[in-house]
Amino acid sequence: MRITHSVALIITFTTVLALPARAQQNAAPQAGQAQAPGAAAQTPAKPGPKDTEVWEPVPPIVTPGAANGAPPSDAIVLFDGTNLDQWVSTKDKSPAGWSVANGVVTVLKTAGNIETKRSFRNYQLHLEWRIPTEVTGTDQARGNSGLFLAATGPGDGGYELQILDSYNNKTYVNGQAASIYKQGIPLANAMRKPGEWQVYDVIWTAPAFNADGTVKTPAYVTAFHNGVLVQNHFELQGETLYIGKPEYKKYDTAPIKLQAHGDPSPPISFRNIWVRELK
């Protein structure tokens, strides 16, 4: 009897030990992991560098200018120091009346604003400007002008990046050089002395509108003044106004405009103006 009981006990103990292994073999696949009967579970492939490599579309080749600030191969040159063939008078679209000499164009205030013959949407712009050494006046009456990134009407209609002598010249900070006029205070005052050339490099993202004229996406400006970041993807609230709150008016493309401000200080000059359209 002792031998019989011992054999039975061994058989029972062996059966209990085998139950978890059999249950694991017969377990049904989890949801979303169905597999064919008898098929072995497959190990996922190990990620490799090529899984995240993109080969197309290939960016176009653009040859940079021979020197910093020189127009690259795909730029539209708006002023190269010889003539104003790319510009017209804003008020009546007649030939631009500012004076060109010695490679620069100088504002003729009595002739009014000038703008490009071409219209643009999104772009990269390079522009150099100079306050005269003999500049006079204070506040906003000292070398005042403006770069309108999109001219949407006569006079000063549009979106203005301010031009002004802000070298030791106190004024309201949303109206100093490199401000988005009456909207965006520049991140820094990078002004050089009067008589020295100033440089603006600007990325303009035009606003987009719905069919009913409401704003789909606002306008944005990124700008560098003499190599210093002064506007970092700044979101505009509408056109820049001298009086009142900004608002948007629907447009598609627009010229680039330079302002002939009526302040009594000596006129400023420009050179080396070019633009690259961005798709």
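This is a walk through one protein chain, from its overall make-up to individual residues.

The model is predicted: local features need pLDDT of at least 70, side-chain atom pairs count only at pLDDT 80 or more, and totals for chains, interfaces and linings use all residues. Residues are numbered from 1 along each chain as its sequence is written, and side-chain values use heavy atoms, with hydrogens and water left out.

Start with the elements. The chain has one helix and 15 strands. Both are DSSP runs, numbered from the N terminus: helices are H or I with at least four residues, strands are E with at least two. The chain counts 279 residues, and 39% of them are buried. Buried means under 20% relative accessible area, exposed means over 50%, and partly exposed lies in between, with a 1.4 Å probe and protein chains only. The accessible surface of the chain is about 16,500 Å². Carbon and sulfur atoms hold 57% of that surface. These areas come from the Shrake-Rupley method with a 1.4 Å probe; for residues, only the protein chains shown count as cover.

Next, the contacts. A contact means heavy atoms within 4.5 Å. Among contacts in the chain with a separation of 6 or more, 66% involve residues 24 or more positions apart.

Now go inside. The largest nonpolar core has 48 residues. Such a core is a set of buried Ala, Val, Leu, Ile, Met, Phe, Trp, Tyr and Cys residues joined through side-chain atoms within 4.5 Å. Trp98, Leu125, Leu147, Trp204 and Phe270 touch the most other members. Several strands give two or more residues to this core, including S1 (76–79), S6 (123–130), S7 (145–151), S8 (158–163) and S9 (197–205). Strands S12 (220–225) and S15 (269–277) also do so. S6 gives the largest share, four residues.

Aromatic rings come next. A pair of aromatic rings is described by the distance of the centres and the angle of the planes. Rings of Phe, Tyr and Trp (its six-membered ring) pair if their centres lie within 6.5 Å; planes under 30 degrees apart count as stacked, over 60 as edge-to-face and the rest as tilted. The structure holds nine such pairs. Take Tyr159 and Tyr251. Their ring centres are 6.1 Å apart and their planes stand at 45 degrees, so this pair is tilted. Tyr159 lies in strand S8, and Tyr251 in the loop between strand S13 (228–235) and strand S14 (257–258), so the pair ties together parts that are 92 residues apart in sequence. Tyr159 counts as buried because its relative accessibility is 1%. Tyr251 counts as buried too, at 13% relative accessibility. Ring pairs link Tyr159, Trp204, Phe209, Tyr248 and Tyr251 into a cluster.

A lysine also meets a ring. Lys257 lies over the face of Phe148, at 4.7 Å from the ring centre. A charge sits over a ring if NZ of Lys or CZ of Arg is within 6 Å of the ring centre and within 35 degrees of the ring normal.

Return to the loop between S13 and S14, where Glu239 lies. Glu239 counts as buried because its relative accessibility is 3%. Its side chain makes a polar contact with the side chain of Thr152 (2.8 Å). A polar contact is a pair of N or O atoms within 3.5 Å; within protein, one must be able to donate a hydrogen and the other to accept it, and residues adjacent in sequence count only if both atoms are side-chain atoms. Not counting residues up to four places away in sequence, Glu239 touches several residues, among them Tyr159, Gln183 and Pro246.

Follow Glu239 to Gln183. Gln183 lies in the loop between S8 and S9. Gln183 is buried, with a relative accessible area of 18%. Its side chain reaches the backbone oxygen of Gly238 at 3.0 Å. The C-alpha atoms of Gln183 and Leu241 are 8.9 Å apart, with these positions 58 residues apart along the chain counted as their separation.

Another polar residue is Asn144, in the loop between S6 and S7. Asn144 is buried, with a relative accessible area of 6%. Leaving aside neighbours within four places in sequence, its contacts include Gln162, His261 and Asp263.

Finally, the backbone. A cis peptide bond joins Glu56 and Pro57, with omega about 0 degrees. Pro57 lies in the loop between helix H1 (2–26) and S1. Lys93, a residue other than glycine, has a positive phi near 65 degrees. Asn272 in strand S15 has a positive phi near 45 degrees.
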